[in-house]
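Colleague: I am new to reading structures, and I would like a close look at a single part of this one. Could you take me through the surroundings of the ligand, and then through the parts of the chain that connect with them?

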Amino acid sequence: MFGQMMDLPLLLSNQIEFAAKFHPSVEVVTRTVEGPIHRSNYEEIARRSKKLANALAKLGVKEGDRVATIAWNTHRHLELYFAVSGMGAVLHTINPRLPPDQLKYVVNHAEDQVMFFDTTFTKLAQFCAASDTPVKHYVAMTDDDHRPADFDAAKTYESLIADESDAFEWPQLDERAASSLCYTSGTTGEPKGVLYSHRSTVLHSYAVTMADTLAISAKDVTLPIVPMFHVNAWGVPYAAVMVGSKLVFPGPGMDGASLIELIESEGVTSLLGVPTVWLGLLAAARAANKRFDTVKTVTIGGSAVPPSMIEAFEKEHGARVIHAWGMTETSPLGTANVLLPKHASLSEADRRKIEIKQGRPIFGVDLRIVDDDAKVLPHDGETSGHLQIRGPWVASSYFKREADANHVDGWFYTGDIATIDPDGYMHITDRSKDVIKSGGEWVSSIGVENAAMRHPKVAQAAVIGVKHPKWQERPLLIVVKAPDQEVTQEELLAFLGEHLTKWWIPNAVEFVDALPLGATGKVLKRKLREQFADYVFAE
Ligand code: ADP
């Protein structure tokens, strides 16, 4: 027997229509590529999305066609989110930091028909126009006064939509229809496309608004620093539109001073981004003697959050860090770290031990850990294994790829090595490809990095395994010193001796000016391993 409930599809067009109807005047504020601050609201975003959908239809975009963006977080990008997906086409958000060969690869693989680009990225669009790609139309996301001088073939966004009608009937799509496409950064092999659906994206929007997750709410002024080209800015724009949170977009102003100005002028309450962004912002705030009085929560994911960062936000800004974990393949939210009532009486040091974990799974996704033979391991907080996930916002396969080794028996192998404790807190100790095996025991590179970053003279730390005649591999600590600070190997190793189990203490420390970062702001361990391939520990 079926239930007798209305079978309405979960569609992204419903989110923007809902916003226009029930919170039309809630603001969307953008620092534009052209320079000035632009103020819009959900009513206007919805109206302009419809004009854009009409314009796209005239360009020949049909259901299922892919439309690419190479763009910052802006109001126009938000309009594209809803116009493209709403009309049944697929929004392919491209990371502008991709190397040229990968850029060309993803545009061809996605078979993009139209490419929208911010003028900051005109060269990338021109590169695609000059290469053999399927793109038929290029649109610069600006007005005619700011059109790129040397790209005649490109239209401008404002002239494209200017004369279009703001009446558009959103099609009643199957909720399983594809809505957007995001490629993994391809640190290993070719980038792989994750094809989200309307259903998965709407369900994920609910997930990020839950009180024990990122809790995006109408009470918030939300500033996603995480880019809209990186897993749809963690789904935050959709969630904000759905609940009616004021949205603040930094555009190209990703430097500390611009961000601080925007946080202060707009009264931002919720910030979201990867750890490398916060290192810069925290330093800029210290230098300018600023305290983020309005900010209540800072959501951090993408890489492990060092305890020193949780401390800095808590003590210097009175803000709570929400440590979250996810992947492009998981939309991305898989777990979020919020403390339980029983943790209220813990000392700060003991609380921190829980806060550095990646958090508890959100209903909808299921998590487990397995050993090398796929045997399910206990949730005892001690045993570590390969982390697997499944759920309605987890990719079932990659775009235009049949089988892959990561999808087995209805579960997805994340490539992370983790423990899960009896309360469900998942803790990542390593990426499986970064694991350091010393004399049969695993050294957690994240554990060592976190400890090193507690040293006040350390700005950034990364640990890699280096061949060792006796122990197979031993950890090498690579450090970027804090600005204007001097620190020696001896000093750091002595410090780590106070915080780590003996066999985790690295055999040596090397100092570098900067760590190699990938397209999504993560430390590229592969590059570090190449750089230190011939490294030999001194006796
Ligand atoms: P890519 O960087 O390859 O594009 P993703 O952005 O999808 O891929 O990255 C997913 C991976 O990032 C996860 O499998 C995990 O290793 C790492 N990651 C994400 N969040 C965290 C976190 N909070 N702590 C540690 N690692 C994390």
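Modeller: Happily; what follows is a walk from the ligand outwards. Please keep in mind that this is a predicted model.

Let us begin with the ligand itself. It is surrounded by 18 residues, and the closest are A324, T328, D416, R431 and K522. By chemical kind, this shell divides into five nonpolar, 10 polar and three charged residues. Some polar contacts are worth finding on your screen. An oxygen atom of the ligand is 2.5 Å from an N or O atom in the side chain of R431. With T328 the partner belongs to the backbone: a polar backbone atom there is 2.6 Å from an oxygen atom of the ligand. For T520, an N or O atom of the side chain is 3.2 Å from a ligand oxygen. On its own the ligand has 580 Å² of accessible area, and the protein covers 91% of that.

Which strands supply the shell? Strand 14 (320–326), strand 20 (411–420) and strand 21 (426–431) each give at least two residues to it. The largest share, four residues, comes from strand 14. That makes strand 14 a good thread to follow.

Strand 14 belongs to an open sheet of nine strands, in which the order is 2-1-11-10-12-13-14-15-16 and the pairing is mixed. The edges of this sheet are strand 2 (37–41) and strand 16 (360–361); each has a single partner strand, so one side of each is left without a neighbour in the sheet. Further along the order, strand 10 (residues 221–224) and strand 12 (residues 270–273) run parallel and are joined by three bridges. To see the pairing at the level of residues, look for T222, which stands opposite S270 in strand 12.

Now follow the chain on from strand 14. The loop between strand 14 and strand 15 (333–337) holds P332. The peptide bond that joins S331 and P332 is cis, with omega about 10°. In strand 15 you will find T335. Is T335 buried or exposed? T335 counts as buried because its relative accessibility is 0%, and the cut-off for buried is under 20%. The side chain of T335 has a polar atom 2.8 Å from the backbone oxygen of Q358. If we leave aside neighbours within four places in sequence, T335 is in contact with H323, A324, W325, Q358, G359, R360, P361, I362, L367 and M426. One name in that list should be familiar: A324 is among the residues closest to the ligand.

We can also go back along the chain, to helix 12 (residues 307–317). The buried residues of helix 12 are P307, M309, I310, A312, F313 and H317. What covers them includes strand 14 once again, along with helix 11 (275–287), strand 13 (297–300), helix 13 (348–355) and helix 14 (445–452). Helix 12 is followed by G318, which has a positive phi, near 60°.

Two other residues are good for practice with phi, since neither is a glycine. A374 has a positive phi, near 70°, and is found in the loop between strand 17 (366–370) and strand 18 (385–390). With a relative accessible area of 40%, A374 is partly exposed. D484 has a positive phi as well, near 60°, and its place is in the loop between strand 25 (472–481) and helix 15 (489–499). D484 is exposed, with a relative accessible area of 82%.

For a contrast, turn to L259 in helix 10 (residues 256–266). L259 counts as buried, at 2% relative accessibility. Leaving out neighbours within four places in sequence, L259 is in contact with I225, P250, G253, M254 and L281. You can also compare sequence with space here: L259 and A284 are 25 residues apart in sequence, and their C-alpha atoms are 9.6 Å apart.

To come back to where we started, strand 14 is a useful landmark to remember: it gives the largest share of the shell around the ligand, and it is also part of what covers the buried residues of helix 12.

Methods
Residues are numbered from 1 along each chain as its sequence is written. This is a predicted model: local features need pLDDT of at least 70, side-chain atom pairs count only at pLDDT 80 or more; totals for chains, interfaces and linings use all residues. Side-chain values use heavy atoms; hydrogens and water are left out. A residue is near a molecule or strand if one of its heavy atoms lies within 4 Å of it. A polar contact is a pair of N or O atoms within 3.5 Å; within protein, one must be able to donate a hydrogen and the other to accept it, and residues adjacent in sequence count only if both atoms are side-chain atoms. Accessible areas come from the Shrake-Rupley method with a 1.4 Å probe; for residues, only the protein chains shown count as cover. Ala, Val, Leu, Ile, Met, Phe, Trp, Tyr, Cys and Pro count as nonpolar, Asp, Glu, Lys and Arg as charged, and the others, Gly among them, as polar. Buried means under 20% relative accessible area, exposed over 50%, partly exposed in between (1.4 Å probe, protein chains only). Contact means heavy atoms within 4.5 Å. Two strands pair if DSSP finds at least two bridges between them.
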